[in-house]
Amino acid sequence: MHIYKDGEKSKGPCETCRKLVSTTFRYAPLNYGGRVIPDVLQDFCDACGSSVSIPQQSSFVVREYRRAQYNHSLEFRIPPHHRDILIAIGMTHNISHKPNTLFRIISELYLSKISLPQGQKVKKKILSAMGDDLAKGASKSRLSCLFPDTAYSALRDISEEANVKTSSIAKGIIVTAKYDILDNLDKELAKEFEELAAERL
Amino acid sequence: MAFNEVKVKAIDCIKNGHVRHIERDIGKNMFAVGDFTPEEMILIIGACRGDWYNSRKHHFLEVDVHILKPRGKYDGLYIKFFFIEPDILFISVHESDYKG
Ligand SMILES: [Zn+2]
């Protein structure tokens, strides 16, 4: 992968000058989605100073920023036994006993896989878990947690694509986690869960 | 430039990391903000066929803007890019129903 450096020269299309211009890379704040991400490498027009482009290495910085910013406050309605599943997972893995915290970590674990090449498989698994007997029951409990941009957009994508409510997806994720992590049927994922929890708590 | 040439060149640029994204358009560029990884973009572009491809002139540069509308697994995606040696510059990678 080519890595651009501060001060490096390039050329690109300046939308302000409306022509091909010489540019220079430097680190500067980047406006994205109404927020300002500090220290993102960009190349700027040498004539007018407008930002022209961001190199691929900056995409990883933007993604990491979006992942680390928990800025979508969401609420889900779930059957009470789903709280028990979350608490059981948390206690068995010595992580937490708070359903909201556990759900945030578990959903991040699954939703972060959606944009990866194996994403379709994960998506199918969650959608099919929504039909599991364990997904049934009156939704008398409430989960509320903050989602990062990345997990939120994955959640919204599945919801729109499959035309299901986000609460149903939450149930699907919890039932999937019951089999994968509580019953330890996916040892690799259970290990990933512990690692992610250690990182997030 | 023939479609196959565009495809090979685009994939080469991504493999080598010679990738930039137009700053003004990052809000409609899922690759720029990390929703797609370089590996995934290679898969998406690699799977594109000639009849899913189109091109037009850039609005002020003397270069062709290449447009891909994948079908199948990535149906609905809209990809727009051009080349300035040695880089590929992405203008958009978004769902075709994107509004904004
Ligand atoms: Zn300029």
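**A zinc site and a chain interface**

The four donor atoms around the zinc ion subtend angles of 102 to 113°, so the arrangement counts as tetrahedral. Keep in mind that this is a predicted model. Who holds the metal? Four cysteines of chain A do the job through their SG atoms: Cys14(A), Cys17(A), Cys45(A) and Cys48(A), lying 2.2 to 2.4 Å from the zinc ion. Read along the chain, these donors follow the spacing C-x2-C-x27-C-x2-C. Distant parts of the chain get linked this way: Cys14(A) belongs to strand S1 (residues 9-14), while Cys48(A), 34 residues apart from Cys14(A), is in the loop between strand S3 (35-45) and strand S4 (51-55).

Those two cysteines also sit in different surroundings. Cys14(A) has a relative accessible area of 0%, so it is buried. Cys48(A) comes out at 37%, so this one counts as partly exposed.

Now turn to where the chains meet. Here 34 residues of chain A are in contact with 29 residues of chain B. Together the two chains bury about 2,700 Å², and carbon and sulfur atoms give 55% of that. On the chain A side, Pro13(A), Glu15(A) and Gln56(A) lose the most area to chain B, together 22% of what that side buries.

There's polar chemistry here too. The interface has three salt bridges, and Glu15(A) pairs with Arg24(B) in a salt bridge at 3.5 Å, N to O. Between the chains, 17 residue pairs are in polar contact. As for which elements of chain A give two or more residues to the side touching chain B, they are S1, strand S2 (19-32), S3, S4 and helix H1 (56-68).

Notes
Residues are numbered from 1 along each chain as its sequence is written. Chains are lettered from A and ligands numbered from 1 in the order in which they are written. This is a predicted model: local features need pLDDT of at least 70, side-chain atom pairs count only at pLDDT 80 or more; totals for chains, interfaces and linings use all residues. Side-chain values use heavy atoms; hydrogens and water are left out. Donors are N, O and S atoms within 2.8 Å of the metal (3.2 Å for Na, K and Ca); water is not among the atoms, so sites may look incomplete. Four donors count as tetrahedral if all angles lie between 85 and 135 degrees; four count as square planar and six as octahedral if opposite donors are over 155 degrees apart and all others between 65 and 115; anything else is irregular. Helices (H or I, at least four residues) and strands (E, at least two) are DSSP runs, numbered from the N terminus. Buried means under 20% relative accessible area, exposed over 50%, partly exposed in between (1.4 Å probe, protein chains only). Contact means heavy atoms within 4.5 Å. Buried area is the accessible area (1.4 Å probe) that two parts lose on being put together, summed over both. A salt bridge is a side-chain nitrogen of Lys or Arg within 4 Å of a carboxyl oxygen of Asp or Glu. A polar contact is a pair of N or O atoms within 3.5 Å; within protein, one must be able to donate a hydrogen and the other to accept it, and residues adjacent in sequence count only if both atoms are side-chain atoms.
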